[in-house]
Amino acid sequence: MADPELVDVVVLGLGVGGEEVAGRLAEAGLRVVGIERNLVGGECPYWGCIPSKTMIRAANAIAEARRLDGLGGSAQVHTDWAPVAKRIRAEATDNWDDRVAVQRLTDKGGRLVRGSGRLDGPGRVRVGDQVFQARHGIVLGTGTSPSVPPVDGLAGTPYWTNREAVEVEELPASLLVLGGGAIGLELAQVFARFGVRVTVVEALDRVLAVEEPEASEVAAAALRADGVQIHTGVKAARVEHGAEGFTLRGTEGEQFTAERLLVVTGRRAHLDQLGLDTVGVDGSRRYLPVDDRLHVTDGIWAVGDVTGEGAFTHIAMYQAAIVVADVLDHVRRADGGADPSGTASVVGGAVGTASSLAATGSSGSAGSVPRADYRALPRVTFTDPEVGAVGLTERQARERGINVQVGFTPLSSSTRGWIHKSDEGGFIKLIADADQGVLVGATSVGPAGGEVLSGLAVAVHAAVPVAQLRHMIYAYPTFHRAISEALRNLS
């Protein structure tokens, strides 16, 4: 067998985080090999964020057209899925071809190796008959795949995951969605607005169970208004498939039928396939434990879904910036202080961003590698209305022993909410630490819930004093002006 090929860094898995790390390190002058068995860029550009929001944009346009009645006339809406499917194939995913992403990586100086890689001892990665020895480290960014529950009869049936739902060219007459989390609700609302009879089945007592109960109520009401049937507290016992479609039976005798079944019950990392035992790391865990610089162990970093901090593109990119800065810091120290990029930072890039964060106090002293901080983790469920949230929920804050103050205001009580006819139950909810006088969490539900969230995320991340937030000037009439009313209602 040939000797291992010596390189600087191996990036195993080129999802959004891995691709960012590989590209930035290659731009900095390192010899980088990226290994990917599927599409460079990962889930987000091909089956997640980009195509799903393309679907949502079309579905929301349909809903908005129907809202013309009572505002400025009347409208008759005729839906057609063909333009949506065409746009996803031709514009969003290049028909699930990653040539553009590959070119983006190689233009930066990175090298792509197709295949399934695994660790093969300290600093070594094996891909088929090829073995690479990394001088400076290995970065794991292998992502997650849909987690399919062990429901009797489900295996072997042609059920959908989010991938099949995104790729569909002809809509079914009816759809059964198993799972009432963000992905399940987003897709359920899209298909319902295009005329599909949709039923959502959730095992917990409410949909969007990770968010505030008020957000769950608004989301459920919005989907029901679109014709979606929602059943909570139903545990799946058995799935049957035949010529008529799918039948889902619950443990208490419940029964639901539909032409298609979409299973969206979470995602899981496949750590057992990475050879972690060869470097002394337990591969039986659900996720890879990492420190605040994303170290798994000496010489190995991880980014993205495999870290268990949340299956969000923005987390993967955030972590990638930290890993790039840390790897380059490691290289400088290993090479006696030389900067492989030839400059103190990569202007406008991840290293520059990392240095800026360090200099402004997000880590230790100026110039040090920034440390990961998830206190102000933002998340958005792109239903209509949108559900944006950051930091802790009220329940999480109380469970941590925080002296909680809650501020709440309905969006409809704001001037912009009245103008917009925001009668879908949108709101602003603030969670404050009364002892510290700062926000530790917030939820923004409404027509622009995710956009309104941005200011709240800054407040939580920077620990802006509540007294200072109360004395800010909020533009009028905007949706975000409702924040000032929620601040007044803190109690």
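**Group meeting: strand β12 and its neighbours**

Hi everyone, let's begin with a turn: strands β11 and β12 are joined by a hairpin, with two residues making the link. Please keep in mind that what we're looking at is a predicted model. Across the protein chain the pLDDT averages 92, and 93% of the residues score at least 70. Residues 340-366 are another matter: there the pLDDT is below 50, and the stretch has 43 contacts in the model beyond near neighbours in sequence.

Back to our hairpin. Strand β11 covers residues 236-242, and its pairing with β12 is antiparallel, over six bridges. If you'd like a spot to find on screen, look for Glu240, which sits opposite Thr247 of β12.

Now let's go to the other partner. β12 also runs antiparallel to β13, residues 255-258, with four bridges joining them. One pair to look for here is Arg249 with its bridge partner Gln255 in β13. These two strands form a hairpin as well, with four residues between them, and Gly253 in that turn has a positive phi of about 90°.

So why do we call β12 largely enclosed by the rest of the structure? Because five of its six residues, in the stretch 245-250, are buried.

Last stop, the largest nonpolar core. It has 70 residues, and those touching the most other members are Val21, Leu25, Met55, Trp81, Phe191 and Val198. Helix α9, residues 313-334, gives the most to this core, with eight residues. Let's zoom in on Leu25: leaving out residues up to four places away in sequence, Leu25 touches Val9, Leu30, Val32, Val324, Val327 and Leu328. In soluble globular proteins, nonpolar side chains tend to be buried together. Thanks for listening!

Technical notes: Residues are numbered from 1 along each chain as its sequence is written. This is a predicted model: local features need pLDDT of at least 70, side-chain atom pairs count only at pLDDT 80 or more; totals for chains, interfaces and linings use all residues. Side-chain values use heavy atoms; hydrogens and water are left out. Buried means under 20% relative accessible area, exposed over 50%, partly exposed in between (1.4 Å probe, protein chains only). Two strands pair if DSSP finds at least two bridges between them. pLDDT is the predictor's confidence in each residue, from 0 to 100. Contact means heavy atoms within 4.5 Å. A nonpolar core is a set of buried Ala, Val, Leu, Ile, Met, Phe, Trp, Tyr and Cys residues joined through side-chain atoms within 4.5 Å.
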